[in-house]
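Q: I'd like a close look at one part of this one, and then a picture of how the rest fits around it. By class, what is the lining of the largest pocket made of?

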Amino acid sequence: MAAQMHSFLPWFRRPTVAHRHHSHWFSVVVILTLLTAAVSGKKHIVGGSIWSIPPSNNFYNNWSSAQSFHPGDLLYFDFESQMYNVLQVAYHQYARCEAEYWEEIYKEGPALVSLTREGEAYFICDMFNYCSLGLKMTVDVTRSPAPPQP
């Protein structure tokens, strides 16, 4: 019986060691996730829902004007790939709903867009005539507020 128990113990201990190894990696992942959340800004779900043809031409601009955007924030565009896309463009492209030149293009939905600098950012969808139907948005990215003084 002692010989059987002895041969059983090494087999029994291996999962415990592997479990500790996985537990270590789990801790690292949790710490990195918390650090990323602390460093990055707020995640905004564009339009409060999905990126699609809106009920009114100013829908997305009305939504964005009610938000506060700061460098480090993320825009979450939830859309169906091959039906919609997101292009970050210059103002003149935005105003004309043209996508001849773009800064960034996101063809796969959902897409996360990082707001990296202060100023105006312009987004359109260049599928079909969706932009002229209101599938476009201006975002005003402002400096993050200073933390309150103690």
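A: Sort the lining of the largest pocket by class and you get 5 nonpolar, 4 polar and 5 charged residues. Here Ala, Val, Leu, Ile, Met, Phe, Trp, Tyr, Cys and Pro count as nonpolar, Asp, Glu, Lys and Arg as charged, and the others, Gly among them, as polar. Two quick notes before we go on. This is a predicted model, where local features need pLDDT of at least 70 and side-chain atom pairs count only at pLDDT 80 or more, while totals for chains, interfaces and linings use all residues. Residues are numbered from 1 along each chain as its sequence is written, and side-chain values use heavy atoms, with hydrogens and water left out.

Back to the pocket. A pocket is an open set of points on a 1 Å grid over the protein atoms alone, where a 1.4 Å probe fits and protein lies on both sides within 12 Å along at least five of seven lines; a lining residue has an atom within 4 Å of a point. The largest pocket holds about 180 Å³ of space, a volume that is the space filled by probe spheres set on the points, which are joined across faces, edges and corners. Of the 14 residues in its lining, Q88, E103, T116, R117 and A121 are the closest to its centre. The largest share of the lining, 4 residues, comes from β6. Strands β3 (86-89) and β6 (119-124) each supply at least two lining residues. Helices and strands here are DSSP runs, numbered from the N terminus: helices are H or I with at least four residues, strands are E with at least two.

So where do β3 and β6 sit? They're in the middle of an open, antiparallel sheet of 4 strands, in the order β4-β3-β6-β7. The edges belong to β4 (104-106) and β7, each with a single partner strand, so one side of each has no neighbour in the sheet. On average, neighbouring strands of this sheet are turned by 20° against each other, ignoring direction; the axes are lines fitted to C-alpha atoms, and angles run from 0 to 180 degrees between N-to-C directions. Two strands count as paired if DSSP finds at least two bridges between them. The antiparallel strands β3 and β4 are joined by 3 bridges, with V86 opposite Y106 in β4.

Now pick a residue at the β7 edge: T138, which lies in that strand (residues 136-141). T138 counts as buried because its relative accessibility is 17%, and buried means under 20% relative accessible area (exposed is over 50%, partly exposed in between, with a 1.4 Å probe and protein chains only). Leaving aside neighbours within four places in sequence, T138 is in contact with N61, S64, Y94, E120, A121 and Y122; contact means heavy atoms within 4.5 Å. Notice A121 in that list: we met A121 among the residues closest to the centre of the pocket.

There's a second open sheet too, with 3 strands in the order β1-β2-β5 and mixed pairing. Here β1 (43-45) and β5 (111-114) take the edges, each with a single partner strand, so one side of each is left without a neighbour in the sheet. The twist averages 25° from one strand to the next. You can see the mix in the pairs: β1 and β2 (residues 74-77) are parallel over 3 bridges, with K43 opposite L74, while β2 and β5 run antiparallel and share 4 bridges, with F77 partnered by A111. Side chains alternate along β5: A111 and V113 point to one face and are buried, whereas L112 and S114 point to the other and are not.

The loops have some oddities. Between β4 and β5 sits P110, and the peptide bond from G109 to P110 is cis, with omega near -5°. Q82, in the loop between β2 and β3, isn't a glycine, yet has a positive phi of about 75°. Q82 is exposed, with a relative accessible area of 72%.

Stepping back, the protein chain has 3 helices and 7 strands, running α-β-α-β-β-α-β-β-β-β from the N terminus.
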